[in-house]
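Here are some short exercises to work through with the model open beside you. Try each task before you read its solution.

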Amino acid sequence: MNVVRAVLIKELKDGLRDRRALLSAFLFPLFAPVFIYGLMTLVIKQNTESEDLVLPVIGQDYAPALMRQFEEAGFTLEAFDGSPEAAVRDKTVELVVQVPEDYQETMANFELTRVLVIHDGSRNDTRTIVRKVRNLISNYNNELAALRLIARGVSPKIMQGVRAKSSDVASDEQRAANLLNFIPIYVLMAAFVCGLGLAIDNTAGERERRSLEPLLINPVTRTALIFGKWLAASALAGAGMIITLALCLAAMLALPIDELGLNFTLTAGQVLMLLIAILPVPMFASSLQLLLGLFAKSFKDAQSYVGILIFIPVVPTLVMQFLPIASSLWMYFVPIFGQSLMIKEILGAETIPRLAYPAAFITTFATSLLVCWITGRLLNQERVIQS
Amino acid sequence: MIEVSGLKKTFGDVVAIEDVSFTAADARVTGLLGHNGAGKSTSLRVLYGLIKPETGYAKIDGIDVSQDRITAQSKLGVLPDGHGLYTRLTTREHLQYFGRLHGLSDDQIETRSEELIRMLDMQGIKDRRTEGFSQGERMKVCLARALIHNPRHVVLDEPTNGLDVMTTRKVRELIAELKTLGLCVLFSSHLMYEVAKLCDDIVIIAEGRVVAVGSPEEIRAAAGVDNLEDAFVLLSEQAASA
């Protein structure tokens, strides 16, 4: 135990003095919330922007009644000249509405009149306004049809068949949490990023500096050495992860998320649950990093191996995005997957199965211990000792 | 006492040592002499418990290193082949770390550190981080951390390699001092005159085998030449052609 403590103290002291490595490690947690805030502000702005919409129209004089509908919905109409396709493609306008010259004529003959909506389907930012314009035209069509029926003494009710009525089972928190998909990714990634430098320096670095041999001639078990190194890297990774979590949550609370009609609140209980849920993650991350650090042939090798690990936290969210399966208990037994789910569920104020906490904690923690033990065994191999 | 018998070790197809046996007695300085690649470092690595031999054994005071590595290592002070230091730790912090790994209390470490700092003339560098240390300063830190637990057996792998005259002299003084303290000192070198000057017993290794053992006089007599260096070259060449 004293050996583990001695190694832990030494590695932390050594690691904390490496200012440059530390700075680059902790740039991630500091940068993440800024990114989240910026991105989310943009999303919110796009979703709520509706005032002062300019609508370029060709031939607005042909359909004054339809134009009135647009104006009532808040659009400012603007006569458009030139090639609408080219303008949309060049992104000088978001969309163009073109009323055909024979609008009145076809209308009078009860023929189908087509109003052209020219837009660029590959643009995400114009999707809302295009949908809005189409809905307005479609509503106008319904009104028109109803009026025609009334003129013939038929009740417009006759047109009513079946209509979909949507009932969203997601709570406001859940819908907000959907927007928060990247919080688990960020928080879990921080656990993989912040202790990375120390873990590599600890293993591959130690060997490259030729200080591994002097270390191994001490009368201690190699497992004890690894556990000390593991705890040091975990401590740093954990600190980074908690800072990231705190800053991400602060960014979420600061965001005007209610403008989306969503609700995001946070209680002290939720924060505590989050902390318990993610606690074993830095241990897991550091244990894998130490193993790869020792396994790698050189410092550079180790960096590229360990770099790949950073993407592990992205996997659960990606999987859930493409295979939207309901969460079931076995998922919590999978390290990182379990934690990723729990972060999302806690933020979404969903109920989590009671067994989820011990399941995720025990398997993740036990896996870390196992990996450390394997790493300790690896340190007994001559191939690994000699660079 | 250090006892090595019938060591053999191969790395892949390369036979690093074929058959190495020797003893190093207490209160004597034993020199392990051989060309680069003769098998000195490999023999010592087996001795300080870093690698396991295929055959044979290494014993420290009767304790087999392969059987009970930790007890054996606690009796050894080692300057290994790798001389790496932690550039962000000071001299004292190095001693503290290694002292703790040897299970010493902080008080013991404190007292012993002061002793070693005096012995090795490290007053000026004791609280400096080792980044930018000269070769000689680094060697002193390595030696001090090897001796922090006051071991009865000292194994030094090429302790004067690459050092300037002043530090080399310091290291030789230290070896002589350790001997007068009654320690068993074993060191390797490829420098004939150094071994001749310092050692009570000499073990010459060539091609992974011990080719001669004895006092400097006995070695000269065995080779039939007056000069120890000639004896070394002659014996090594004989082994190579055999």
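**Exercise 1. The interface**

Find how many residues of chain B are in contact with chain A, and work out which elements and residue classes of chain B supply them.

*Solution.* Step 1: take two residues to be in contact if their C-beta atoms, placed from the backbone, lie within 7 Å. On that basis, 20 residues of chain A are in contact with 23 residues of chain B.

Step 2: look at the elements, where helices (H or I, at least four residues) and strands (E, at least two) are DSSP runs numbered from the N terminus. On the side of chain B that touches chain A, α2 (69-74) and α3 (91-101) of chain B each supply at least two residues. The most comes from α3(B), with four residues.

Step 3: sort by class, with Ala, Val, Leu, Ile, Met, Phe, Trp, Tyr, Cys and Pro as nonpolar, Asp, Glu, Lys and Arg as charged, and the others, Gly among them, as polar. This side of chain B then has twelve nonpolar, eight polar and three charged residues.

A word on the model and its labels: it is predicted, so local features need pLDDT of at least 70 and side-chain atom pairs count only at pLDDT 80 or more, while totals for chains, interfaces and linings use all residues. Residues are numbered from 1 along each chain as its sequence is written, and chains are lettered from A and ligands numbered from 1 in the order in which they are written.

**Exercise 2. The build of each chain**

Decide whether each chain is as compact as a globular protein of its length or more spread out than a compact globule.

*Solution.* Step 1: use the radius of gyration over C-alpha atoms, and the globule rule of 2.2 Å times the number of residues to the power 0.38.

Step 2: begin with chain B, which has nine helices and ten strands. Its radius of gyration is 18 Å, close to the 18 Å from the globule rule for 242 residues, so chain B is as compact as a globular protein of that length. Its C-alpha atoms fill a box of roughly 55 × 40 × 35 Å along the principal axes.

Step 3: turn to chain A, with 19 helices and four strands. Here the radius of gyration is 30 Å, well over the 21 Å that the rule gives for 387 residues, so chain A is more spread out than a compact globule. The box for its C-alpha atoms is roughly 100 × 45 × 35 Å, taken along the principal axes.

Step 4: add burial, calling a residue buried if 20 or more other C-beta atoms lie within 10 Å of its own, exposed if 12 or fewer, and partly exposed in between, with C-beta atoms placed from the backbone. Buried residues make up 51% of chain B and 36% of chain A.

**Exercise 3. The nonpolar core**

Which residues touch the most other members of the largest nonpolar core, and which helix gives the most to it?

*Solution.* Step 1: define a nonpolar core as a set of buried Ala, Val, Leu, Ile, Met, Phe, Trp, Tyr and Cys residues joined through C-beta atoms within 7 Å.

Step 2: the largest has 154 residues, and V187(A), M241(A), C248(A) and I204(B) touch the most other members. Helix α11 (residues 222-254) of chain A gives the most, with 18 residues.

Step 3: follow V187(A). Leaving out residues up to four places away in sequence, V187(A) touches M241(A), T244(A), L245(A), C248(A), I278(A) and I343(A).

**Exercise 4. Two helices of chain A**

Check the span and burial of α8(A) and α9(A).

*Solution.* Step 1: the expected span is 1.5 Å times one less than the number of residues. Helix α8 (residues 182-193) of chain A, with twelve residues, reaches 16 Å from first C-alpha to last, close to the expected 16 Å. Helix α9 (residues 196-208) of chain A, with 13 residues, reaches 17 Å, close to the expected 18 Å.

Step 2: eleven of the twelve residues of α8(A) are buried, including V187(A). In α9(A), twelve of the 13 are buried, so this helix is largely enclosed by the rest of the structure.

Step 3: α9(A) has a kink of about 40° centred on N202(A), where the bend is the angle between axes fitted to the seven residues ending at a residue and the seven starting there. N202(A) is one of the buried residues of α9(A).

**Exercise 5. Positive phi in chain B**

Are D121(B) and E158(B) buried or partly exposed?

*Solution.* Step 1: D121(B), not a glycine, has a positive phi of about 60° and sits in the loop between α4 (106-119) and α5 (135-147) of chain B. D121(B) has 15 C-beta neighbours inside 10 Å, so it counts as partly exposed.

Step 2: E158(B) also has a positive phi, near 50°, in the loop between β7 (153-157) and α6 (165-180) of chain B. With 20 C-beta neighbours inside 10 Å, E158(B) counts as buried.
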